[in-house]
Amino acid sequence: MNLRKRSPNKTLPAFGGPNSALTLMTTGFTSIDGYLPIEAYGVIGDLRSVALVGQNGSIDWCCLPAFDSPSVFGAILDHRKGGRFQIWSDALSHQQMYMPDSNVLLTRFPSRDGVGEVLDFMPLSSRPTSPMHQIVRMVRAVRGQVHFQLVCDPRPDYARAEAGVTLVPGQGAIFETQAANGPFRVALLTEIPLRRTEHGVAAEFSLNQGESVSVVFRYHASPDFDLLGHKPDTEELLNSTLRYWRRWLSKCRYQGRWREMVYRSALCLKLLTYQPTGAIVAAPTCSLPEEIGGIRNWDYRYTWVRDAAFTIFAFLRLGYSEEAAQFMDWLQQRVGEEEKINGPLNVMYGIDGRHEIPEIELDHLEGYRGSAPVRIGNGAAHQLQLDIYGELIDSVYLYNKHSEPISYDFWVQLRRMLDWVARNWELPDEGIWEVRGGKRHFVYSKMQCWVALDRGLRIAAKRGLPVDSGRLRDARDRIYEAIMTKGWDPKRRTFTQAFDSNAIDAANLIMPLTLFLPATDPRMKGTIDAIIQDLVSDSLVYRYLLNEEQNDGLPGREGTFSMCSFWLVEALTRAGRLEEARFVFEKMLTYANHLGLYSEEIGPCGEALGNFPQAFTHLGLISAAYTLNRKLGGKH
């Protein structure tokens, strides 16, 4: 085996230092029933897909060639069948950090005899549609002699297919099969001697202090490409990947408090961006449970229209106008299409813009810690959710105001949507939380219909664009009055979840953010207080209460929603309750994992639940930090 010694003029980057995104942390996560906690993972990616890397050095989730492609490694959904790619050393504890200002992940294995490290990253291509995807794993001994073990067990097509293995001594191994979705062919490039196992390959090797060796997992779209034919210069790939992330982050103009967490959230959002189209996935995983052992397991590897305003505003606030423009182009294409099932828009789309995302259950996988069924696709894609029109048109309004004017042709398509909202806002719908217990008149949905018409009228007035302003204004005003009468509980002094309901909903915290009502209005003050009383536990916010009188059509319970906690921070900030807002915000920071990443939900013991990492949570963090920092008198 040809091991590489580091020379003084060609060193791997050091970690830590004044620009480190987060300090090195030790947590020592242990597996439960064969599964790591969801919060025990870091994430790497190449702007087309990602890999989840556990603190034990195991890549337990990766879909290739795109976020929503079938998984290649899926042990996080079935630790026996899913497949993994693990490099590890026996250690007293496991440590992880990101290299400063990057998405390059370092996992350390310290022991009495030595310290080993694995540096993981996915090189980025300058071509958005590059056929090549690589996971580079650079293994080194920092101190003493370190004994490593390697297992590579790809299970293509969500483990519905089994790959045959061909060993090529001195070069690595090729895995190939004919899966249901087409030919599957990947390779493991390494000089380490490999042995065949039942489903993949394995190896054991030792490194002395200063020695390193690289292992590359490679996918190429062409079936004729020689997967083992070109040996990459992994140090150059590392340096180019670090340069990319550091140059990108250097464009961030946020200089306020909690900058490290804002930077990490920005880097996470960029990782979740699909480079060929500019779309952002809600999360890169599917079917991670909202309740351990429960059935609330959904596929989030798609782009929600709902996220549009939050995403574009976050990018614009941070100075990333190019990303905002690319996502706006993607939205404009969707607006120009015609969805005939539930109005002119779908709730969500594939990252390539496709409309059909059928929901399928994978019965052969046991699910994370037995949380079945495992679902791919999402049946909520064709629900009626009226709020998406407000969120989309608000994003256009913000872009038109803060970036560049929209075109007349785009306006014509938006005007068509405004007319539709004016005619249909009185319909019941499934709402922001995508309930499966029947349609209702959700207050949040009505409020976002008001936002759609209000922002449309503002764009038209600012630009002098043609629109039937009288009809839209009349509909907008009727929505406002309906919310104030049917969506208001005068006894409890709070807005409710739905018309003529007594239930409380955390979604109403967003009212001040949309300028529907100032946070200092007595009705909004009462709503904030009611939500704190009914839905908040130690700064963590539930979406709504689940009980016999109120259900969402699904059995079981769920954790608190992290993005709702950040909405609470913004509402408190805008209400002038800065001390409370800062306390809630800084408490929420303690619920991030060791790398500063958040899942969708937080469980009763502070554990991560739901898909991971979740874009909406990191968008909420950025917005809350920006607003709170500004009110505290800081730079932004």
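A residue counts as buried when its relative accessible area is under 20%. In this predicted model, Cys 63 meets that cut-off, because its relative accessible area is 1%. Cys 152 is likewise buried, with a relative accessibility of 0%.

Neither cysteine is paired. A disulfide requires two cysteine sulfur atoms within 2.5 Å. For Cys 63, the nearest cysteine sulfur belongs to Cys 286 and lies 6.5 Å away. Cys 63 is therefore in no disulfide. For Cys 152, the nearest cysteine sulfur is that of Cys 62, at 11 Å. Cys 152 is therefore in no disulfide either. The model as a whole contains zero disulfides.

The search for enclosed space gave three cavities of 30 Å³ or more. The largest cavity holds about 350 Å³. Its lining comprises 24 residues. Tyr 300, Ile 432, Glu 434, Arg 543 and Glu 600 lie nearest the centre of this cavity. By class, the lining has 13 nonpolar, nine charged and two polar residues.

The second largest cavity has a volume of about 60 Å³. Its lining includes the run Glu 430, Gly 431, Ile 432 and Trp 433, together with Val 435. Phe 442, Tyr 444 and Ser 445 also line this cavity. Gln 497, Asp 505, Ala 507 and Asn 508 are lining residues as well. Six residues of this lining are nonpolar, four are polar and two are charged. Ile 432 appears in both linings: it is among the residues nearest the centre of the largest cavity, and it also lines the second largest.

Terms used. Residues are numbered from 1 along each chain as its sequence is written. This is a predicted model: local features need pLDDT of at least 70, side-chain atom pairs count only at pLDDT 80 or more; totals for chains, interfaces and linings use all residues. Side-chain values use heavy atoms; hydrogens and water are left out. Buried means under 20% relative accessible area, exposed over 50%, partly exposed in between (1.4 Å probe, protein chains only). On a 1 Å grid over the protein atoms alone, a cavity is a set of points where a 1.4 Å probe fits but cannot get out, and a pocket is an open set with protein on both sides within 12 Å along at least five of seven lines; lining residues have an atom within 4 Å of a point. Grid points are joined across faces, edges and corners, and a volume is the space filled by probe spheres set on the points. Ala, Val, Leu, Ile, Met, Phe, Trp, Tyr, Cys and Pro count as nonpolar, Asp, Glu, Lys and Arg as charged, and the others, Gly among them, as polar.
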